[in-house]
Amino acid sequence: MVSVKQDLFQVPCTIAHVPEWKDVKRDFLSIINWDDPRCVDESFYTDFHTYFCQGEVPPYHNDLMEILKEPIQFVVDSAPQPVEIPSSWCQRYGKHQMHPVHTHSVHGYSAVFYAQLAEDHKPTNFFSPFVDPWNGFPDEITPELMEGDIIFFPSQILHQSLPHKSEQDRIIFSFNLL
């Protein structure tokens, strides 16, 4: 008898680096209105409710899509149907701030672009959609990512931003591919 171990399911994701980010970062981040009172959440800065939830596109959206054009196209080219990116949003985390476990949707992909991520920052923490058969808990993974990286993942995957420990803000831009 021959035994073979085989995985039945995998969670697909795509990670890309945007090398030109370092050249445009300062100018791009300067167009964000960091003082907009509509964007100050009790736990971190977010313009999600200001634009995305209102069905609006933030002023930086088209520039962001242009900066991320190549990695977005890579993901879109592998999609089994036409893809839309209706809007995007920005989040900034100061020391001790975090975003609890959440998903983005039941279909499509989501993306997180790390616009400011120092070496002592933690990127997004993801949870397996399957529990470990031996202990009953989902596995967690925090991929090794750096500033200028973008990760695309199935929108229904549980994820979180762990409590931020650095003095320097962590800044991300996110969007859904539907």
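I began with Phe 126 and looked up its bridge partner in E9, which is His 159. The model I am reading is predicted. The two strands involved are E6, residues 125–131, and E9, residues 159–161; they run antiparallel and are joined by two bridges.

Next I went to the link between E6 and E7. These strands also run antiparallel, with three bridges between them. I noted one pair here: Phe 127 has Glu 140 as its bridge partner in E7. E6 and E7 make a hairpin, and six residues lie between them. In that turn I found Gly 136 with a positive phi of about 80 degrees.

I then wrote down the whole sheet. It is open, has four strands paired antiparallel, and reads E4-E9-E6-E7 in order. Which strands stand at the edges? They are E4 (99–102) and E7 (138–141); each has a single partner strand, so one side of each lacks a neighbour in the sheet. From one strand to the next, I have the twist down as averaging 15 degrees.

I turned to the interior. The largest nonpolar core has 27 residues, and the members that touch the most others are Leu 68, Phe 113, Phe 173 and Phe 175. I listed the elements that each supply at least two residues of this core: helices H1 (21–29), H2 (61–67) and H3 (69–77), and strands E3 (88–93), E5 (109–116), E8 (149–154) and E10 (170–177). E10 gives the largest share, four residues. I also noted a second, separate core of 11 residues, with Phe 44, Tyr 114, Phe 153 and Ile 157 among them. As background, nonpolar side chains tend to be buried together in soluble globular proteins.

I picked Phe 113 for a contact list, leaving aside neighbours within four places in sequence. Its contacts include Val 18, Trp 21, Leu 64 and Leu 68. Further along the chain, I also have Gly 148, Asp 149, Ile 150, Ile 171, Ile 172 and Phe 173 as contacts of Phe 113.

My last entry is on H1. Which of its residues are buried? I found Trp 21, Lys 25, Phe 28 and Leu 29. Seen down the helix axis, the buried residues of H1 fall within an arc of 90 degrees, so they line one face. For reference, an α-helix has 3.6 residues a turn, so residues three or four places apart point the same way. I checked what the buried residues of H1 pack against, and noted H2, E5 and E10. On the face of H1 turned away from the buried side, I noted the exposed residues Asp 23, Arg 26 and Asp 27.

How values were computed. Residues numbered from 1 in each chain as written. Predicted model: local features only at pLDDT ≥ 70, side-chain atom pairs only at ≥ 80, totals over all residues. Heavy atoms only, no water. Pairing = 2+ DSSP bridges. Axes fitted to C-alpha atoms, helices over the stretch in contact; angles between N-to-C directions. Core = buried A, V, L, I, M, F, W, Y, C linked by side-chain atoms within 4.5 Å. Buried < 20%, exposed > 50% of the residue type's maximum accessible area, 1.4 Å probe, protein only. Contact = heavy atoms within 4.5 Å. Arc of directions from axis to C-beta.
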